[in-house]
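The exercises below concern one structure, shown next. Work through each task before reading its solution.

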Amino acid sequence: MVNLPLRDESSIHYEGWRIVAMCFAVATFGWALGFYGQSVYLAELTRLHGWPSSLIATATTFFYLGGALLVAFVGDVIRVIGPRACLLGGIAAMALGTALLGRIDAVWQLYAVYVLLAVGWAGTSLGAITSTLGLWFDQRRGMAISLALNGASFGGIAGVPLLVAAIGHFGFADATLAAAIAGVLLMPVVAIVVGRPPLRIADDPAGPGAVKALSSGAIRRDAFRDIAFLTVTIAFALVLFAQVGFIVHLIAYLDPLIGREHAAAAVALLTTMAVVGRVSLSTVIDRLDQRLVSAISFLSQAAALAILILSRDGTLLLAACALFGFSVGNLITLPALIVQREFAAGSFGVLISLVTAINQVTYAFGPGVIGLVRDVSGSYTVPFAGCIVLQLIAAALVMVRGRR
């Protein structure tokens, strides 16, 4: 048996915290262009080409579905080629897809570009980041994930206003090219910082974990027979369907009410509150009932959507975006924290990739369905009301724990 060095994950000098900082930067880039950027793309492509919002939103669904198929195996990919190669490949694909997005002039080209963006999303989003951090952290994994995923919110805070401002000054094509160049500049930093992960007891082939280790397929099969896994996965899938669909359509919804610049500011406010919510909760989340926190978060988003439907006052609309945003960051982080608490550590990478993939397959339909219902009904009232119903169902479902 190999004698493994002890790791002090609480020490500021531990190398894992450099990986957290790097994952923060990757998440900022990935979420700015792959997640929050979708709201900008929908509005800009509609304006430039006259394509209906439902058509572009359906392409967004295609993007999320393609990404979900890849995310399910991100943990296995990292195991084979390593975290550095996975992150670099994701950044490269996201940068190339973003640069090409500003130069399309046909719908089929939009779908082709979204294939590239799906590869980039899989390599820079939740599954890749949590699986990467899982290689460096055990005891402090929850805090590491929470800190790194603040980059996701920062991508909305900085990315959307910068992208909108760049489009206003340089045009859509040059703005997307500039965003792509930012990703290219990030790649050498990732190559230098993200090295070989430390050897852990679970990785030691002669260690006690070797006898009990399950294959990825066995872990997935067991998960689908576990009530606790199913309830947390389905609940978050329903809520993220509503959350992603709402965020993608947010600028299009607010634009006629408060103007494009104020709508972009609303997205920035929403994502700023996502950081506030995640940071404030990260200090106490390990001592709280994480399923109950999830249910309360679902209900708060339902209340925010109700305000958005009923009010036309600019201040109230911004306040509702802030309320909605307070839980946005936590809904990205909480599934990983619940999986870490309720399931074996050796299953973490496989299970969080599976949860992420299932959630993404579900929320991939959010933008398209909301866009279709909006086109049919003539307003966003009906689809947003449907989102409220889904969040209420999820709040009840996530409290069903099964037998642990």
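**Exercise 1.** Does Trp 31 count as buried or exposed, and what is its relative accessibility?

Solution. The model is a predicted one. The cut-off for buried is under 20% relative accessible area. Trp 31 has 3% relative accessibility, so Trp 31 counts as buried.

**Exercise 2.** Classify the aromatic pair of Trp 31 and Trp 121, and state where its members lie in the chain.

Solution. A pair of aromatic rings is described by the distance of the centres and the angle of the planes.
- Distance and angle: the ring centres of Trp 31 and Trp 121 are 5.1 Å apart, and the planes stand at 75 degrees.
- Class: planes over 60 degrees apart count as edge-to-face, so the pair of Trp 31 and Trp 121 is edge-to-face.
- Position: Trp 31 belongs to helix 1 and Trp 121 to helix 5, so the pair ties together parts 90 residues apart in sequence.
- Burial: Trp 121 has a relative accessible area of 2% and is buried.

**Exercise 3.** Treat the pair of Phe 35 and Trp 121 in the same way, then give the cluster.

Solution.
- The pair of Phe 35 and Trp 121 measures 6.2 Å centre to centre, with 15 degrees between the planes. Planes under 30 degrees apart count as stacked, and this pair is stacked.
- Phe 35 is in helix 1 and Trp 121 in helix 5, 86 residues apart, and the pair links distant parts of the chain.
- Phe 35, at 5% relative accessibility, counts as buried.
- Trp 31, Phe 35, Phe 63, Tyr 114 and Trp 121 are joined by ring pairs into a cluster. The count of aromatic pairs comes to 15.

**Exercise 4.** Describe the span of helix 2 and what covers its buried residues.

Solution.
- Helix 2 runs over residues 53-71 and has 19 residues. From first C-alpha to last it reaches 26 Å, close to the 27 Å expected at 1.5 Å a residue.
- Its buried residues include Phe 63, Tyr 64, Gly 67 and Val 71. Phe 63 is also a member of the ring cluster.
- The cover over the buried residues of helix 2 includes helix 1, helix 3, helix 5, helix 12, helix 17 and helix 18.

**Exercise 5.** How many cavities of 30 Å³ or more does a search of the whole structure find, and what lines them?

Solution. The search finds 2 cavities of 30 Å³ or more.
- The largest cavity has a volume of about 170 Å³. Of its 15 lining residues, Trp 31, Leu 126, Leu 240, Ile 332 and Tyr 363 are the closest to the centre.
- Helix 17 gives the most to this lining, with 4 residues. By class, the lining of the largest cavity has 10 nonpolar, 5 polar and no charged residues.
- The second largest cavity has a volume of about 40 Å³. Its lining includes Ser 146, Arg 278 and Asn 330, and helix 14 and helix 16 each give two or more residues to it.
- That lining divides into 3 nonpolar, 4 polar and 1 charged residues.

**Exercise 6.** What is the volume of the second largest pocket, and which classes of residue make up its lining?

Solution.
- The volume of the second largest pocket is about 370 Å³.
- Of its 17 lining residues, the closest to the centre are Phe 29, Ala 32, Leu 33, Ala 179 and Ala 182.
- Helix 1, helix 8 and helix 9 are the elements that give two or more residues to this lining.
- The lining has 14 nonpolar, 3 polar and no charged residues.

Conventions:
Residues numbered from 1 in each chain as written. Predicted model: local features only at pLDDT ≥ 70, side-chain atom pairs only at ≥ 80, totals over all residues. Heavy atoms only, no water. Expected span 1.5 Å × (residues − 1). Buried < 20%, exposed > 50% of the residue type's maximum accessible area, 1.4 Å probe, protein only. Contact = heavy atoms within 4.5 Å. 1 Å grid on protein atoms, 1.4 Å probe; cavity = no way out; pocket = protein on both sides within 12 Å on 5 of 7 lines; lining within 4 Å. Points joined across faces, edges and corners; volume = space filled by probe spheres on them. Nonpolar A, V, L, I, M, F, W, Y, C, P; charged D, E, K, R; others polar. Phe/Tyr/Trp six-rings, centres within 6.5 Å; stacked < 30°, edge-to-face > 60°.
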